[in-house]
Amino acid sequence: MEKDDEEPEQAQAQEQNTAEGSPPDEPADSEQAPTKPARRGPPQNRFENQLHERLEAGQFRWINEQLYTTTGTDATQLFKKEPHLFDIYHRGFAHQVSQWPSNPLDIFIKELSKRRGLVIADFGCGEGRLGRSVPHSTVHSFDLVARHPHITACDLTHVPLQDATCDVVVSCLALMGTNYPDFIREAWRVLKPGGLYRVA
């Protein structure tokens with residue numbers, strides 16, 4: 001607990017006055033008396049951080065359950081109503097991925113970076129890292145919320161692409177929802193004949 005440097009001196013003076021028979025000094029105006037400083041410092045910050053982390057972990061689990069047990073349309077409406085939940089979900093997701101021995105997205109990036117001139121659709125792109133990491137191809141990045149300018153927010157059952165326009169479609173940890181077969185059908189729609197569908 002932080003204290004003013006003057007407090008020990010004031011307390012010593014009050015003890016001396018009391019010993020001499022004089023009452024301790026009182027402020028002339030009680031409203032101007034110094035207030036007790038709020039408790040601050042690392043212990044409180046650590047507690048707040050731990051509480052915040054536990055709260056977000058619980059929210060992540062709830063959001064994850066919603067994404068797996070509702071349709072893509074329901075998930076779109078959820079994030080439209082409360083966009084901050086999308087950020088909470090992806091922070092929790094990033095924390096989980098950081099503990100994995102390997103991230104499948106890194107494998108896709110390494111594979112696709114070796115080729116040039118591809119048209120790629122990233123279904124459920126999250127932060128859009130694939131689109132930023134494959135500079136020699138055209139990447140269309142789609143997710144329920146657009147957190148970066150190169151991402152298009154949409155329902156993944158209806159992406160804004162013409163039929164048979166993509167060489168590769170990527171669904172990296174994004175086949176979620178009770179209607180996930182609709183995402184696969186949409187990926188098939190936009191793929192060129194002989195195109196590649198990469199799923200993890």
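How many bridges join strand β1 to strand β2, and in which sense do the two strands run? The legends below take this pairing as their starting point. The structure is a predicted model, in which local features need pLDDT of at least 70 and side-chain atom pairs count only at pLDDT 80 or more, while totals for chains, interfaces and linings use all residues. Residues are numbered from 1 along each chain as its sequence is written, and side-chain values use heavy atoms, with hydrogens and water left out.

**View 1. Strands β1, β2 and β3 pair in the parallel sense.** Strand β1 (residues 119-123) is joined by five bridges to strand β2 (residues 138-143), and the two run parallel; strands count as paired if DSSP finds at least two bridges between them. Helices (H or I, at least four residues) and strands (E, at least two) are DSSP runs, numbered from the N terminus. Within this pairing, F123 has F142 of β2 as its bridge partner. Strand β2 also pairs with strand β3 (residues 151-153), over three bridges and again in the parallel sense, with D143 standing opposite A153 of β3.

**View 2. Helix α4 has the end-to-end span expected from its number of residues.** Helix α4 covers residues 84-97, and its end C-alpha atoms are 20 Å apart, which agrees with the 20 Å that its 14 residues should span at 1.5 Å a residue; the expected span is 1.5 Å times one less than the number of residues. The buried residues of α4 are L85, F86, I88, Y89, H90, G92 and V97, where buried means under 20% relative accessible area, exposed over 50%, and partly exposed in between (1.4 Å probe, protein chains only).

**View 3. A salt bridge connects helix α4 to the loop between β2 and β3.** D87 forms a salt bridge with R147, the closest N and O atoms being 2.7 Å apart; the term denotes a side-chain nitrogen of Lys or Arg within 4 Å of a carboxyl oxygen of Asp or Glu. This pair links distant parts of the chain, since D87 lies in α4 and R147 in the loop between β2 and β3, 60 residues apart. Both partners are partly exposed, D87 with a relative accessible area of 23% and R147 with one of 32%.

**View 4. R189 and D163 meet in a salt bridge that belongs to a network.** The side chains of R189 and D163 approach to 2.6 Å, N to O, and the pair links helix α7 (residues 180-190), which holds R189, to the loop between β3 and β4 (166-171), which holds D163, 26 residues apart. Salt bridges that share partners join D163, E186 and R189 into one network. R189 is partly exposed, with a relative accessible area of 27%.

**View 5. F60, Y89, F93 and W100 form one aromatic cluster.** The structure holds five aromatic pairs, where rings of Phe, Tyr and Trp (its six-membered ring) pair if their centres lie within 6.5 Å, and planes under 30 degrees apart count as stacked, over 60 as edge-to-face and the rest as tilted. The rings of F60 and Y89 have their centres 5.2 Å apart and their planes at 25°, so this pair is stacked. F60 lies in helix α2 (residues 42-69) and Y89 in helix α4, so the pair ties together parts that are 29 residues apart in sequence. F60 is buried at 8% relative accessible area, and Y89 is buried at 7%. The rings of F93 and W100, with centres 6.2 Å apart and planes at 85°, are edge-to-face.
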